[in-house]
Amino acid sequence: MIRTTVTWVLVFTLSFICASLQAQEVKIELGPSEIALNENFTIKVTISDDKIKSYDQFPEIVGFQKQGISQSSSMNIINGQMSSTNSIIQYYRPSRKGDFQVPDFTVKINGDNYSSSGKKVSVVDARSAQRQSNAFDPFDEMFGKSREEPEFIEIDDEAFFATSVDKPEVFIGEGVNVSLAFYMAEANQAPFSWHEPGRQLDGILKKLKPGNAWEENFNITSIQPERVSINGENWVKYKVYEATFFPFSEGEIIIPSIGWEMIKYKVAKNPTFFGSNRQEDFKTFYSAAKSIKVKPLPPHPLRNEVSVGVFQLRENIKELNAETGEGITYNFGISGEGNVNSISKPKTNQIQKLNTYDPNVRQQVNRGMGKVTGIKEFSYYLTVNEPGEVALSDHFEWIYFNPNLAKYDTLRPKAILNITGESKVNQAISNQRLGGIYDLIEVENNKLLNQRYKYYFSIFINLLLAVSVILLAVLIMKKR
């Protein structure tokens, strides 16, 4: 009994292994060695008892242009045993007559590489009769019939590719939002799919990004549909790129015409139950070029240094009451819409009784809803040497340009410190470096300088200049 069980297990295992090997059978067929100028050459890949889940690009053939891809499948049941085949066919259209060589190539099917030897193909004059298709309908073959190559037609599409900008003109430093999107009408009947969007974006960025502007890329990682209304009609918008540009100089930002390639399928004129009813083709959509005018900022002593945007002050201080000499932490935060990266620390006016040190800096940038917003926070450590009220507005200020109001504005703190205790001004002075002449005492040469040499040198230079003037006058008189 045990031997019988073991025998059946072995038989079942071997059968499973054989079935697996059979399921992995892949066959590559090349088209005929001679075709007419108006016929297609094909490379057909057939896999048995499995589906074609993924496939790599088919090879390029010199003298031919790829015309699209079609798929077909068939199923047979013989003596209760079911078998199936799935095929994918790449079509090539010859560009001229002559002899051409199909190179040896490797194609990846379902993650595995399969190789094929090339062959020589001769292209002759065009023929009037259509050649038969490599694709077949199982019902036709079953009854001994042959079918002609299916006719595919292109459906008119309601789609376009466009560049959008939120402002036609901006000030230097003001942000302008730029986006690229593919639009398709909800009533559109033409079938589309994406064609290597990542690779296309890499090429687009090299053309799109201006050299005279800072880019804040929104980093779109997945293309999501968005329903929009254009002129009363419903469209589906697929945004593929979005960024905000902050120009450095006046002039223009030019957004060139951008091409975006989509896979657009042709559909069979007479669809069948078996075989492919659509053929892969490509269509490139082009956006219109855009120009954004960049205006200079109005006259101001700091117009080459200030940030541009709509900002607010967010100050934070835990304790307004302190004693003289006691450390205080004060946060001067600038938040709003604009180029947060370009925000510089506030200007500090030196007050004798207030000491400040270089701040710690923290920033956060948010990109969304077509805007770049965020906060940049400067954390100061303060000490006050004399008692009394200290208004921080006398010490800190931050000047910026508001493009919405087209004018400059200043952010000043509202916090007022209440300091108690004894004056520590003298102690603060003694703890500081004296600077100036006192710093030079240790490094300067202590030898006396002989002023007599300096006097004689000055007389010599003056005499030399006088002689030069006399000689010049003599030369002029002789020339006259």
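Modeller: Helices (H or I, at least four residues) and strands (E, at least two) are DSSP runs, numbered from the N terminus. This is a predicted model, where local features need pLDDT of at least 70, side-chain atom pairs count only at pLDDT 80 or more, and totals for chains, interfaces and linings use all residues. Residues are numbered from 1 along each chain as its sequence is written, and side-chain values use heavy atoms, with hydrogens and water left out.

Biologist: Okay, how many helices and strands does the protein have?
Modeller: Strands come to 32 here. Put the helices beside them and the protein's tally is 6 helices and 32 strands.

Biologist: What share of the residues is buried?
Modeller: Buried means under 20% relative accessible area, exposed over 50%, and partly exposed in between (1.4 Å probe, protein chains only). Out of 480 residues in the protein, the buried share is 36%.

Biologist: Among contacts between residues at least 6 apart in sequence, what share joins residues at least 24 apart?
Modeller: A contact here is heavy atoms within 4.5 Å. Take the protein's contacts between residues at least 6 apart in sequence, and the share that joins residues at least 24 apart is 72%.

Biologist: Let's zoom in. Is Lys264 buried or exposed?
Modeller: Lys264 sits in strand β19, which covers residues 259-268. Beyond its neighbours within four places in sequence, Lys264 has contacts that include Glu154, Asp156, Phe192 and Asp281. Its relative accessible area is 4%, so Lys264 counts as buried.

Biologist: And Val102, what is its relative accessible area?
Modeller: Val102 belongs to strand β6, residues 98-102. Skipping residues up to four places away in sequence, Val102 touches Phe41, Ile61, Gly118, Lys119 and Val121. Val102 is buried, and its relative accessible area is 1%.

Biologist: How many Å separate the C-alpha atoms of Val102 and Ser117?
Modeller: Along the chain, Val102 and Ser117 are 15 residues apart. In space, their C-alpha atoms are separated by 8.4 Å.

Biologist: What about Ile351, which residues does it touch, not counting those up to four places away in sequence?
Modeller: Ile351 is in the loop between β25 (347-348) and β26 (354-356), and its relative accessible area of 21% makes it partly exposed. Ile351 and Asp394 are 43 residues apart in sequence, yet their C-alpha atoms are 8.2 Å apart in space. Outside its own stretch of sequence, Ile351 touches Asp394 and His395.

Biologist: Now phi. What value is the phi of Asn110 near?
Modeller: Most residues other than glycine have a negative phi. Asn110 is in the loop between β7 (105-109) and β8 (112-116), and at 21% relative accessibility it is partly exposed. Its phi is positive, near 50 degrees.

Biologist: Where is Asn231 found?
Modeller: Asn231 isn't glycine, yet it has a positive phi, near 55 degrees. With 78% relative accessibility, Asn231 is exposed. You'll find Asn231 in the loop between β16 (225-230) and β17 (233-247).

Biologist: Last part: which residues does the "transmembrane region" annotation cover?
Modeller: It comes from an unreviewed UniProt entry; UniProt positions are given in the numbering used here, feature names are shortened, and annotations may be inferred rather than shown by experiment. The "transmembrane region" covers residues 455-477.

Biologist: How far apart are the end C-alpha atoms of residues 455-477?
Modeller: That span is 100% helix and 0% strand. Helix α6 runs over residues 451-479 and includes Phe460, which is exposed at a relative accessible area of 51%. From end to end of residues 455-477, the C-alpha atoms lie apart by 34 Å.
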